[in-house]
Amino acid sequence: MTTASTTPSTARPPVKLGVLISGEGTNLQAIIDAIDRDDLKADVRVVISNKRTAPGLERARRRGIAAIVIEHRAFPSREAFDSALVASLRHHDVELVICAGFMRLLSPVMIAAFRDRIMNIHPALCPAFPGLDAQQQALDYGARFSGCTVFFVTEGVDDGPVIVQAVVPVHQDDNEAALAARIHAEEHRIYPFAIRLYQEGRLELRGRKVYIRDASPIGPIANNVNPRLP
Ligand code: GAR
C-alpha cells in the first residue's frame with residue numbers, strides 16, 4: 001500500500017483534514033499555525049470533539065473552522081459512535097483524519113473507512129508506554145529519554161506504523177507536568193511536519209514500516225536539531 005503518487009509535490013492540492021480532539025487542542029493550534037505560516041499546505045475542513053467542553057473547539061471557531069461536538073455518551077456502542085464520526089468526516093469531504101488528543105479508541109468501523117488515512121500522536125517513543133499517562137509511565141520506569149510519536153492508526157493501542165518521532169530527555173528532578181510540557185513542544189513541531197510529508201506524497205507504507213521519500217530533511221527532525229519545518 002502506498003499513500004504516495006507520481007504527482008509532483010509542488011502541484012499537489014492542500015490536504016483536506018478532519019481533526020478529532022477531546023481537550024486543549026494545542027496540537028490542533030500548531031497545525032493551524034503551520035498552515036498560516038505556509039509551512040503546511042492543508043485545509044482543516046472540520047474539528048470534531050467528543051467532549052462539549054473541549055477548549056480546542058474555540059481555537060477552531062476563532063479561525064472560522066467548522067467545530068462540532070459528537071458526544072460518545074449519546075451512542076450505544078463504540079461502533080455506533082464511530083459511524084457518526086465517519087458520516088461527519090465524509091460530509092466535510094475529509095481526506096486525512098488527525099487525532100490530536102482524541103481520547104477514544106477507534107473501532108474497526110473508523111479504521112476501515114479511513115484505512116491508512118488516520119494519524120495519531122502519542123506522548124512517548126512507541127512502542128514504549130502506550131495508553132494513558134505516558135509521561136508518568138516514563139517517570140515511574142526511570143527512563144532517561146522519552147518523546148513523542150506520530151503514527152498511522154491501526155486496530156491496536158498506540159502501535160501503528162511510525163511516521164516521525166522526537167526524543168526528549170527525562171531530567172532527574174522532573175515531574176509529570178514538566179516532562180509533558182517538554183514533550184508537547186516537540187509534538188507541536190513534528191505533527192505538522194508529518195502531515196506535510198503526507199501532503200507532499202512522501203510517505204509510503206510497506207507492511208508495518210513507513211518509508212519517507214527524499215529523506216534528507218528527516219535526519220535533523222529525528223535528532224531534534226532542526227526546530228522548524230524545512
Ligand atoms: C498530547 O500530549 C497527545 O500526545 C496526547 O494528548 C495530548 C493532547 O494535547 N495523546 C495521547 O495521549 C493519545 N494516546 P492537546 O489537546 O493540547 O493537543
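Start by selecting Pro127, which lies in the loop between S5 and helix H5 (134–141). The model is predicted. Show the backbone here and look at the bond that leads into this residue: the peptide bond from Cys126 to Pro127 is cis, with omega near 15°.

Next, move to the loop between helix H3 (78–91) and strand S4 (96–99), and select Asp93 there. Asp93 is not a glycine, yet its phi is positive, at about 60°.

Now select the ligand. The pocket that holds the ligand is the largest one. Display the residues around the ligand as sticks. From the early part of the chain, pick Glu24, Gly25, Thr26 and Asn27. Add Gly101 and Met103, then Ile121, His122 and Pro123. Asp158, His184 and Glu187 complete the surrounding set. Sorted by class, this shell has six polar residues, three charged residues and three nonpolar residues.

Colour the secondary structure elements that contribute to the shell. Helix H1 (26–36) supplies at least two of the shell residues, as do strand S5 (118–122) and helix H6 (176–199). Then colour by domain: domain 1 (13–115) and domain 2 (121–148 + 166–220) each give at least three residues to the shell around the ligand.

Which residues place polar atoms beside oxygen atoms of the ligand? Three distances can be checked in turn.

- Gly25: a polar backbone atom of this residue is 2.8 Å from an oxygen atom of the ligand.
- Asn27: the side chain has a polar atom 2.9 Å from an oxygen atom of the ligand.
- His184: an N or O atom in the side chain is 3.1 Å from an oxygen atom of the ligand.

After these contacts, switch on the surface. How much of the ligand does the protein bury? The ligand taken alone exposes 450 Å², and the protein buries 87% of that.

To finish, keep the ligand in view with Gly25, Asn27 and His184, which are among the residues that surround the ligand.

Notes. Residues numbered from 1 in each chain as written. Predicted model: local features only at pLDDT ≥ 70, side-chain atom pairs only at ≥ 80, totals over all residues. Heavy atoms only, no water. Near = heavy atom within 4 Å. Polar contact = N/O pair within 3.5 Å; in protein donor to acceptor, adjacent residues only side chain to side chain. Areas by Shrake-Rupley, 256 points an atom, 1.4 Å probe, with all protein chains shown as cover. 1 Å grid on protein atoms, 1.4 Å probe; cavity = no way out; pocket = protein on both sides within 12 Å on 5 of 7 lines; lining within 4 Å. Sits in = over half its atoms within 2 Å of the grid points. Helix = DSSP H or I, 4+ residues; strand = E, 2+ residues; numbered from the N terminus. Nonpolar A, V, L, I, M, F, W, Y, C, P; charged D, E, K, R; others polar. Domains from an automatic or database assignment.
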